[in-house]
Amino acid sequence: MTVLHVERLGGLPAIGTPRSPLRSCGEIALSELSQADRAAIEELFRNPPRAAASAVRDAFRYRISREGASGAETVEVPESAVPSPVAACVKDTFV
Amino acid sequence: MICTCSIVPPKVLRRFARDRRLPAKTRKAFANAIEYEAQWRMLRSMHTELSAASSALARGAPVPEPKVTVFDSKHGTTLPGVPVASPGSDATSKRAFAETAAVASFYEQLFGRNSVDDAGKTLMSSVHFSVRYNNAFWNGTQMVYGDGDGNIFLDFTKASDVIGHELTHGVTQFSAQLEYSDEPGGLNESVSDVFGSMFKQWRREETVDKADWLIGKEIIGRGAKARGFECLRDMSNPAARHCLAPQPTHYSDFRAGMDPHESSGIPNLAFYNTAVAIGGYSWEKAGKIWYEALTGFGPQPNMTMKAFAQRTRSVAKTLFRRDASTASAVDRAWKSVGL
C-alpha cells in the first residue's frame, strides 16, 4: 500500500520554516483517493509545477513524499496543485 | 490641426503635480490631467465630454473609491464563492467589507493611489475559505481569508494589518512586480508587512512610538497564547520569542532559498528603524519614501535588498531635499541591518 507523507509549508504564518515552532504534517494512503486524485498525484510527481512561478502570494506549499519503485521520491508543489483530500490530511501542531 | 488652447497651461499642471504642499490626491489629479492633456487638446474642437472630465481632474475632483466586493466560500475551496451583500451578513464579511474599503482609503488619501492597480480595480475578497484554514492569501486577483482553527489561529479578517498585507501584494503586483523567491521575495513580503502595519497605525492614529509593530496580533488563538506567542511577526524585533514566525535581523543571515516570510525580517527592521528615528506618524515620511521606492520606478522583478535600500536612500534625498535628517535616518537604518 502506497502512503503519501505530506508536509504543509509557508503561508502567511511561515509554517515549517527553520525558525518556526509550527509543523503541519499528515499522511494519506493512495488507496483512499479517487481515481482522478490519484492521477493528479501521479502527474505532480511526473511534472511538478514550481511554487515560485505562481502569482499567488502567501499560499502554502506542499512537500509530498512516497516510496516509489526507484526509492523515495519527494516533490514540493503549490497548494493550488494539490488534491483537496491530500491538502486536508495535515494537522498544524507545535514542535 | 491640434488646438493648443488649454484653460490650465501644462507647465502649471506640472508645477501643481509636484507641489508637496498640496494633498496627495490633488497632486494625483493634476498628474492625471497632464497625462490626459495631449488627448484633450486633440479632442477639444469636437466638444466631447473629455474636456469636462479633464477640467474636473484639473480642479482636483476626488477620484471615486474602488468597488469592494465580498464572497462567502462557505468552507469550500472554490473561488470566489457566493456573493455577500454589503455591509455583510456576519462579523467576518462585515470586517472584510469595512477594512478593505479602509485600505483603499488609506492608499488613496496618503499616496493618491486608486486601488491596487491605480486604475480603480474592484477589490474582491472571499471569506470562510476551506475548513479551519490557518491562512490568508492574495491569489493574483483577489484576497482569500480562512477562519483559523480556533486554537492556534483565529479568523484572519480580525487583524487589519493582515488585510492591509494581502492588499499590498496587489499593489506590488501592479507596480514593482517583485518575484517571490530569494531577495525580491523577501522584499515583496516586507512591503506587505510595512504597509499592513502602517495601515493599522493609520486606522488607530498611532505615532511610531505608540504602535506595537506586531503583525497578526489579533489572529493569535488561545493555544498559541498559552505558549507565549503574541503575534506572527514583530517588525521592531523580528527574532523575538513571542513571534510564531521569527525572522533573521541582519543581512548576513540571509540565505538563498529562504522563505520570503523569513527573509522579510531584514527589510522590516530597516523600515522600523527608519520610522522610529524620524518619529511622528510612519506614513508621513518613511511611508512616503517606501511607497515611492516600490511604485515609482516601474517593474523591478529581480530587485535585490541592497538595490531597494539604495533606492530608498535616493528617494529620501529627493522627497525631503531640505531635511537631511530623514535621509540620514534611512541610511542608518539600512546600515543597522547590514545593507
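Two residues are taken to be in contact if their C-beta atoms, placed from the backbone, lie within 7 Å. By that yardstick, the contact between the chains takes 23 residues from chain B and 20 residues from chain A. The model is predicted, and local features need pLDDT of at least 70, side-chain atom pairs count only at pLDDT 80 or more, while totals for chains, interfaces and linings use all residues. Residues are numbered from 1 along each chain as its sequence is written, and chains are lettered from A and ligands numbered from 1 in the order in which they are written.

On the chain B side, the elements giving two or more residues to the contact with chain A are strand 4 (136-138), helix 5 (160-173) and helix 8 (260-263); helices (H or I, at least four residues) and strands (E, at least two) are DSSP runs, numbered from the N terminus. This side of chain B splits into ten nonpolar, eight polar and five charged residues, where Ala, Val, Leu, Ile, Met, Phe, Trp, Tyr, Cys and Pro count as nonpolar, Asp, Glu, Lys and Arg as charged, and the others, Gly among them, as polar.

Within chain B, the domain assignment gives domain 1 (10-58), domain 2 (68-157) and domain 3 (182-336), with bounds from an automatic or database assignment. The C-alpha centres of domain 2 of chain B and domain 3 of chain B lie 23 Å apart. Their contact draws 13 residues from domain 2 of chain B and eleven residues from domain 3 of chain B. On the domain 2 side, that makes nine nonpolar, three polar and one charged.
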